[in-house]
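Work through the following exercises with the sequence and the model side by side, and try each task before reading its solution.

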Amino acid sequence: THYHELTGLEQRYSSVRNLCVAVEEREGEVVFLHEVRRGKASGSYGIEVAKLAGLPATVVERAKAVLETLEKGSGKLQKAQREALTQDRQLSFFAPGTPPASPPKHLIALEQALRRMDPNSCTPMDALLLLKSWKEDLPPAFPS
């Protein structure tokens, strides 16, 4: 995440204020308290929020593993973040010069089908059959 860049904005802009939800750690678990406080949180709790939001356990565990890897090389990462902040630019989510991956073929096909569909001339049954066929063409859902 870009937690440090976002919380650093309060020092750069007089109109920005950091607020956070009070947090306690109890027996290795993060507990969000029902209290909003001025200032920044002691850390980024994105993974815990994702867990509370009901993301699949496999996604949460993978995020923890990625975070662990990033923290091992945090010196380089923090230096790059500080440089990006002082130069008023955002770090790329991709390696320099690496273009983002193109969308999967099934999403491209679905988008094209949606663009061709005219909801004003489609009967409810036609729409239901279209949705059914699109759903059948999708790959299996991400395992939970």
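**Exercise 1: the setting of G46**

G46 is partly exposed, with a relative accessible area of 39%. Bear in mind throughout that this is a predicted model. Task: state in which helix G46 is placed, and how far G46 and V60 are apart in space, C-alpha to C-alpha.

Solution. Begin with the class of exposure: partly exposed covers the range between under 20%, which is buried, and over 50%, which is exposed, and the 39% of G46 therefore puts this residue in the partly exposed class. Next, locate G46 in the chain, where its place is in helix α3. Finally, compare sequence with space: G46 and V60 are 14 residues apart in sequence, and their C-alpha atoms are 9.8 Å apart.

**Exercise 2: an aromatic pair**

Task: determine how many aromatic pairs the model has, and what geometry the pair of F32 and Y45 shows.

Solution. Ring centres must lie within 6.5 Å to count as a pair, and by this rule the count comes to one aromatic pair. This pair is formed by F32 and Y45, whose ring centres are 6.0 Å apart and whose planes make an angle of 85°. Because planes over 60 degrees apart count as edge-to-face, the pair is classed as edge-to-face. Now place the two partners: F32 lies in strand β2 (residues 29-38), while Y45 lies in the loop between β2 and α3 (46-52), so the pair ties together parts that are 13 residues apart in sequence. As to exposure, F32 is partly exposed at 24% relative accessible area, whereas Y45 is buried at 15%.

**Exercise 3: helix α7**

Task: check the span of helix α7 against the expected value, and decide whether the helix lies largely in the open or is largely buried.

Solution. Helix α7 comprises residues 124-137, which is 14 residues, and at 1.5 Å a residue it should span 20 Å. The expected span uses one less than the number of residues. The end C-alpha atoms of α7 are 20 Å apart, in agreement with that expectation. For the second part, one of the 14 residues of α7 is buried, so the helix lies largely in the open.

**Exercise 4: T7 and V36**

Task: decide for T7 and for V36 whether the residue is buried or exposed, and name what surrounds T7.

Solution. T7 is found in helix α1 (residues 3-7) and is buried, with a relative accessible area of 9%. Leaving out residues up to four places away in sequence, T7 touches N18 and K40. V36, in strand β2, is exposed at 61% relative accessible area, and together with L19 and V21 it makes a nonpolar surface patch of about 290 Å².

Methods
Residues are numbered from 1 along each chain as its sequence is written. This is a predicted model: local features need pLDDT of at least 70, side-chain atom pairs count only at pLDDT 80 or more; totals for chains, interfaces and linings use all residues. Side-chain values use heavy atoms; hydrogens and water are left out. Rings of Phe, Tyr and Trp (its six-membered ring) pair if their centres lie within 6.5 Å; planes under 30 degrees apart count as stacked, over 60 as edge-to-face and the rest as tilted. Helices (H or I, at least four residues) and strands (E, at least two) are DSSP runs, numbered from the N terminus. Buried means under 20% relative accessible area, exposed over 50%, partly exposed in between (1.4 Å probe, protein chains only). Contact means heavy atoms within 4.5 Å. Patches are made of residues with over 30% relative accessible area and no salt bridge: like charges are joined within 9 Å, nonpolar side chains (Val, Leu, Ile, Met, Phe, Trp, Tyr) within 5 Å. Accessible areas come from the Shrake-Rupley method with a 1.4 Å probe; for residues, only the protein chains shown count as cover. A salt bridge is a side-chain nitrogen of Lys or Arg within 4 Å of a carboxyl oxygen of Asp or Glu.
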